[in-house]
Amino acid sequence: MTAADAATSELSPDRDDAATPESEVRLRETLAAVPAYVPGRPAPEVPGLRTYKVSSNENPYPPLPSVLEVIAASATTVNRYPDMAVTELTQALADFLGVPNDHISTGTGSSAVLTQLVTATCGPGDEVVYPWRSFELYPIVTALAGATSVQVPLTADQRHDLPAMAAAITDRTRLVIVCTPNNPTGPSVHADELEAFLAQVPPHVLVVIDEAYLEFVRDPATPDAIELYRNHSNIAVLRTFSKAYGLAGLRVGYAVAPSEVAAALRKCALPFGVSRIAEDAAVASLGLFAELDERVQALVTERDRVTTGLAEQGWRLPDTQANFVYFPVGEHCAELAEALREAGLVVRQYGTDGVRVTIGEEEANTRLLEVADRVRPRVQPGD
């Protein structure tokens with residue numbers, strides 16, 4: 001029995017499975033090729049320890065007090081449908097970014113907007129080029145559209161291989177995704193290499209620059225994606241309020257793209273998807289960006305403490321510009337993940353590729369350093 005079956009049985013304890021006929025409903029054949037999205041696990045229970053969920057790159061800070069007041073007030077309107085056009089947030093984003101408001105399309109998190117992008121551009125026989133390993137939703141939404149994933153391996157230092165990605169573009173390519181900083185490995189794409197890459201992309205191929213972790217970036221070589229969008233007619237910039245803004249549970253993200261692309265995204269959006277609460281909280285948070293940025297800087301400071309400590313211990317990890325660190329430890333991934341779990345830290349393991357750990361509360365970060373120091377001689381390849 002699967003976990004889903006078990007959950008259903010708990011909800012319906014008197015159900016007679018033997019009397020339930022086998023369904024003959026015909027589902028899309030492409031679903032067989034769709035990988036399941038694996039969410040970050042909740043924090044484990046460890047006797048005598050405070051445990052931490054550092055598996056989902058969540059912001060450990062709650063929304064600002066004034067934003068919480070906006071959320072509470074907005075909750076009184078949930079008997080009404082939200083504004084389908086998400087007018088206030090769209091205008092606030094246009095003002096904040098200095099772009100036309102018809103170049104913005106919103107959705108229930110940047111994951112939903114990514115789905116809209118693939119839906120708007122791809123069908124059976126089309127190809128989507130993206131780095132791998134990267135955000136695990138990329139192969140899912142590509143397969144759901146009936147399109148084909150073209151996964152381009154990362155370099156040895158866990159960065160995009162942009163020349164190889166350019167070489168992978170064919171006459172079937174409709175979409176290319178650049179994830180910067182890359183999730184789960186951490187490095188950002190640099191401006192010079194991205195400009196060289198864009199010069200090789202045909203103008204009819206849409207390039208999506210996925211910047212879910214933009215606010216944590218401190219690498220001065222990182223490009224200004226909005227400026228690139230202004231200078232190229234085939235770029236969409238993808239962003240979210242889930243990470244730096246601490247609104248992951250409210251699900252709101254957006255794309256900045258040419259007006260024709262943004263209009264197509266709105267056609268593909270779930271009607272009334274962005275709730276009134278989410279819109280109000282996002283508008284309020286956007287207006288308090290300077291205050292929120294203090295929290296982001298605190299997380300960056302913690303990230304620097306962790307990465308400096310890990311380097312002093314002898315770890316050789318990819319440069320991270322996001323709110324997480326990545327351990328590419330191969331066959332030792334399970335051992336590292338288990339050691340951290342036993343210490344009260346639930347992390348994200350990617351098979352035998354690597355282990356990703358979110359920069360969270362100070363105590364959780366300190367515990368990560370303690371465990372990492374203890375296990376490094378056993379799990380870091382080459383030592």
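Below are some exercises with worked solutions on this predicted model.

**Exercise 1. The annotated lysine**

Task: Find where Lys-243 sits in the fold, decide whether Lys-243 counts as buried or exposed, and list what Lys-243 touches.

Solution:
- Step 1. Start with the record: UniProt, in an unreviewed entry, places the feature "modified residue: N6-(pyridoxal phosphate)lysine" at Lys-243.
- Step 2. Now locate the residue. Lys-243 belongs to the loop that runs between strand E7 (235–240) and strand E8 (253–256).
- Step 3. Check the accessibility. Lys-243 has a relative accessibility of 16%, so Lys-243 counts as buried, the cut-off being under 20%.
- Step 4. Collect the contacts, leaving out residues up to four places away in sequence. Lys-243 touches Ser-56, Asn-57 and Asn-59, and also Ala-212, Tyr-213 and Phe-216.
- Step 5. Add the domain around this site. The unreviewed UniProt entry lists residues 54–370 for "domain: Aminotransferase class I/classII large". Over residues 54–370, the chain is 40% helix and 16% strand, with 15 Å between the end C-alpha atoms.

**Exercise 2. A buried loop residue**

Task: Describe the setting of Val-205: which elements flank its loop, and which residues is Val-205 in contact with?

Solution:
- Step 1. The loop holding Val-205 comes between helix H7 (191–198) and strand E6 (206–210).
- Step 2. The relative accessibility of Val-205 is 0%, so this loop residue counts as buried.
- Step 3. With neighbours within four places in sequence set aside, the contacts of Val-205 are Thr-173, Arg-174, Leu-175, Val-176 and Asn-234.
- Step 4. For a sense of distance, take Pro-100, which is 105 residues from Val-205 along the chain; their C-alpha atoms are 22 Å apart.

**Exercise 3. Cysteines without partners**

Task: How many disulfides are found in the whole structure, and why is Cys-333 not bonded to the closest cysteine sulfur?

Solution:
- Step 1. Searching the whole structure gives zero disulfides.
- Step 2. Look at Cys-268, which is in no disulfide: its nearest cysteine sulfur belongs to Cys-122 and is 11 Å away. Cys-268 is partly exposed, because its relative accessible area is 30%.
- Step 3. Turn to Cys-333. The closest cysteine sulfur is in Cys-179, at 19 Å, and that is too far for a bond; the cut-off for a disulfide is within 2.5 Å.
- Step 4. Cys-333 is buried, because its relative accessible area is 0%.

**Exercise 4. Salt bridges in helix H10**

Task: Work out which acidic side chains of helix H10 pair with Arg-276, and how these residues are spaced along the helix.

Solution:
- Step 1. Begin with the total: the whole structure has 16 salt bridges.
- Step 2. Glu-279 forms one of them with Arg-276, at 3.9 Å from N to O. These two residues are three apart in helix H10 (residues 276–287), so about one helical turn separates them.
- Step 3. Asp-280 also forms a salt bridge with Arg-276, and here the closest N and O atoms are 2.7 Å apart. Asp-280 and Arg-276 are four residues apart in helix H10, about one turn of the helix.
- Step 4. Compare accessibility. Glu-279 counts as buried because its relative accessibility is 0%, and Asp-280 counts as buried because its value is 17%. Arg-276, at 22%, is partly exposed.
- Step 5. Consider another pair, Arg-303 and Asp-304, whose closest N and O atoms are 3.9 Å apart in a salt bridge. Arg-303 counts as buried at 3% relative accessibility, whereas Asp-304 is partly exposed at 37%.
- Step 6. Finally, build the network: salt bridges with shared partners join Glu-88, Arg-276, Glu-279 and Asp-280 into one.

**Exercise 5. A nonpolar patch and a helix residue**

Task: Which residues form a nonpolar surface patch with Leu-27, and which residues is Ala-92 in contact with?

Solution:
- Step 1. The patch consists of Val-25, Leu-27, Leu-31 and Leu-144, with a combined accessible area of about 380 Å².
- Step 2. Leu-27 lies in the loop between helix H1 (3–11) and strand E1 (52–53). Its relative accessibility is 63%, so Leu-27 counts as exposed.
- Step 3. Ala-92 is part of helix H3 (residues 87–97). Apart from neighbours within four places in sequence, Ala-92 is in contact with Val-283 and Leu-286.
- Step 4. Between the C-alpha atoms of Ala-92 and Thr-173, 81 residues apart along the chain, the separation is 34 Å.

Terms used: Residues are numbered from 1 along each chain as its sequence is written. This is a predicted model: local features need pLDDT of at least 70, side-chain atom pairs count only at pLDDT 80 or more; totals for chains, interfaces and linings use all residues. Side-chain values use heavy atoms; hydrogens and water are left out. Buried means under 20% relative accessible area, exposed over 50%, partly exposed in between (1.4 Å probe, protein chains only). Contact means heavy atoms within 4.5 Å. UniProt positions are given in the numbering used here, feature names are shortened, and annotations may be inferred rather than shown by experiment. Patches are made of residues with over 30% relative accessible area and no salt bridge: like charges are joined within 9 Å, nonpolar side chains (Val, Leu, Ile, Met, Phe, Trp, Tyr) within 5 Å. Accessible areas come from the Shrake-Rupley method with a 1.4 Å probe; for residues, only the protein chains shown count as cover. A salt bridge is a side-chain nitrogen of Lys or Arg within 4 Å of a carboxyl oxygen of Asp or Glu.
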